[in-house]
2 protein chains.
Amino acid sequence: MRTLYHLWLSPFCRKIRIVLEEKQIKFQLKAEGVWNRRKDFLAINPAGEVPVLIEPDGTALSGSSVIFEYLEEIGGDPTLLGKNSMQRAETRRLVDWFDRKFNLEVTEKLVGEKFIKRFLEIGEPNSESVRAGHNNIHIHLDYINYLIERRHWLAGDIMTIADLAAAAHLSTIDYIGSVPWSDHEIAKNWYARIKSRPSFRKILKDRIPGAPPPKNYSDLDF
Amino acid sequence: MRTLYHLWLSPFCRKIRIVLEEKQIKFQLKAEGVWNRRKDFLAINPAGEVPVLIEPDGTALSGSSVIFEYLEEIGGDPTLLGKNSMQRAETRRLVDWFDRKFNLEVTEKLVGEKFIKRFLEIGEPNSESVRAGHNNIHIHLDYINYLIERRHWLAGDIMTIADLAAAAHLSTIDYIGSVPWSDHEIAKNWYARIKSRPSFRKILKDRIPGAPPPKNYSDLDF
């Protein structure tokens with residue numbers, strides 16, 4: 001049995017959880033409070049970050065891109081990258097867009113500032129960052145609209161890791177009720193498609209003690 | 001003919017330049033002052049960053065990981081990733097280590113603060129950051145020592161993109177004379193091996209107008 005060390009609201013961990021479900025690879029989840037810098041965990045991953053995937057033989061893999069590429073290689077069809085090199089490049093470009101640019105401009109500014117800081121009691125949200133996050137999310141939802149008007153999925157004809165990465169980020173922001181879905185109908189319909197997949201079911205059941213999500217977080221008709 | 005938009009001291013651009021040379025793929029270089037936010041360049045890559053690779057058919061690829069994985073797929077043998085999935089995972093883990101962690105803790109704190117800020121006239125170096133960079137580089141060189149004592153190359157038996165990524169970062173810091181090689185003999189010998197490769201030759205000839213490197217930057221016996 002594989003083990004995935006994770007944190008509930010980490011978009012990178014959510015991405016890997018969804019990939020494992022999509023590829024029907026069995027695993028158990030273990031929450032790791034990385035801020036405790038637990039010695040045994042640091043021995044597994046000196047960078048002290050999640051996600052970390054422990055393979056059945058005990059080998060540890062860390063970093064969401066590393067784990068994803070590995071699962072894509074060993075997990076067989078259907079591909080979550082695309083069917084040819086140029087298609088895979090477009091998929092990876094969009095994953096980078098969401099995991100780096102969207103993460104910095106939106107996820108960290110909303111989930112990071114509004115939720116994580118309070119949850120870990122490491123300070124008050126920086127109101128300028130929060131405001132920037134609320135502005136930036138519109139630009140990114142417009143970009144999703146733009147792509148989905150032209151393609152069936154973000155990177156092309158088939159659903160890829162680009163869709164899952166983007167949805168993983170948005171799901172964490174949705175958990176704190178901060179996605180302005182009503183202004184972005186096309187992006188909303190795209191998200192509804194992903195939200196309805198069996199691979200997303202456990203994500204929608206995540207409940208952080210003392211901090212439940214709004215009702216339409218898990219509602220398929222939101 | 002392919003075109004690579006780049007910046008001289010970007011470790012991410014250097015990595016791709018070396019990969020193209022290793023794979024003997026012909027290309028021309030174009031320097032792109034990304035800070036000018038040139039309209040035609042933003043049309044190619046909305047993120048406004050280098051490296052960007054233009055394929056012979058005009059298709060643009062952006063982001064060093066995206067470009068690398070693409071070149072690895074189309075460029076044929078020898079592999080720069082490794083021969084099996086677990087090996088490739090280890091290679092990608094180390095690339096992430098250098099491109100994210102090393103970049104943040106060392107490259108940005110030394111090249112970014114000491115050189116780029118002055119070059120672009122956007123302020124004085126933050127002395128605390130510079131001090132942290134000078135401290136952090138020792139930890140990372142120790143890590144290279146540790147790996148090279150156990151393996152022939154950073155990720156295992158064969159030279160991979162992990163070696164090239166690490167060397168690309170170190171080469172930019174070496175350009176400003178800030179790598180304490182004399183304290184890290186094993187890492188120095190590993191770097192000498194990469195520095196001697198034909199693929200590295202043009203990197204060693206880089207000269208930024210008005211800011212030449214120290215003599216041993218291009219010296220193979222440094």
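Modeller: A quick definition before we start: a residue is buried if its relative accessible area is under 20%, exposed if over 50%, and partly exposed in between. Also, keep in mind that this is a predicted model.

Biologist: Okay, let me try that out. Is Glu49(B) buried, partly exposed or exposed?

Modeller: Buried needs a relative accessible area under 20%, and exposed needs over 50%. Glu49(B) has 35% relative accessibility, so the label is partly exposed.

Biologist: Which side chain does Glu49(B) meet in a salt bridge?

Modeller: The N to O distance in this salt bridge is 2.9 Å. Glu49(B) sits in the loop between α2 and β3 of chain B while its partner is in helix α4 of chain A, so the pair joins two chains. The partner has a relative accessible area of 44%, which makes it partly exposed. Its name is Arg100(A).

Biologist: Let's stay with charges. How many salt bridges does the structure hold over all chains?

Modeller: Side chains of opposite charge can pair when their charged atoms come close. Counted over all chains, the number of salt bridges is 42.

Biologist: Where does Asp206(A), the partner of Arg14(A), lie?

Modeller: Arg14(A) and Asp206(A) form a salt bridge, with their closest N and O atoms 3.1 Å apart. The pair links distant parts of the chain, 192 residues apart, with Arg14(A) in helix α1 of chain A. Arg14(A) and Asp206(A) are both buried. Asp206(A) lies in the segment after α8 of chain A.

Biologist: Why are Glu90(B) and Arg93(B) separated by about one helical turn?

Modeller: Their salt bridge has its closest N and O atoms 2.9 Å apart. At 17% relative accessibility Glu90(B) counts as buried, and Arg93(B), at 18%, counts as buried too. They are about one helical turn apart because, within helix α4 of chain B, their spacing is three residues.

Biologist: Lys15(A) is next on my list. Is Lys15(A) buried or exposed?

Modeller: Lys15(A) belongs to helix α1 of chain A. Beyond its neighbours within four places in sequence, its contacts include Asp99(A), Ser64(A) and Ile161(A). Its relative accessibility is 1%, so Lys15(A) counts as buried.

Biologist: Now the inside. Which helix gives the most to the largest nonpolar core?

Modeller: That core has 64 residues, and among the members touching the most others are Leu71(A) and Trp190(A). Several helices of chain A each supply at least two residues, including α1, α3 and α4. With ten residues, the one that gives the most is α6(A).

Biologist: Which residues does Leu170(A) touch, not counting those up to four places away in sequence?

Modeller: Leu170(A) is among the core residues that touch the most other members. Leaving out residues up to four places away, its contacts include two tryptophans, Trp181(A) and Trp190(A). The others are Tyr191(A), Val179(A), Ile144(A), Leu141(A), Ile137(A) and Phe102(A).

Biologist: Last one: in which sense do strands β1 and β2 of chain A pair?

Modeller: Arg2(A) stands opposite Phe27(A) of β2(A). Between the two strands the chain runs through α1(A), and this β-α-β crossover is right-handed. The strands pair over five bridges, and the sense is parallel.

Conventions
Residues numbered from 1 in each chain as written. Chains lettered and ligands numbered in written order. Predicted model: local features only at pLDDT ≥ 70, side-chain atom pairs only at ≥ 80, totals over all residues. Heavy atoms only, no water. Core = buried A, V, L, I, M, F, W, Y, C linked by side-chain atoms within 4.5 Å. Buried < 20%, exposed > 50% of the residue type's maximum accessible area, 1.4 Å probe, protein only. Helix = DSSP H or I, 4+ residues; strand = E, 2+ residues; numbered from the N terminus. Contact = heavy atoms within 4.5 Å. Pairing = 2+ DSSP bridges. Right-handed = clockwise from strand over helix to strand, strands pointing away. Salt bridge = Lys/Arg side-chain N within 4 Å of Asp/Glu carboxyl O.
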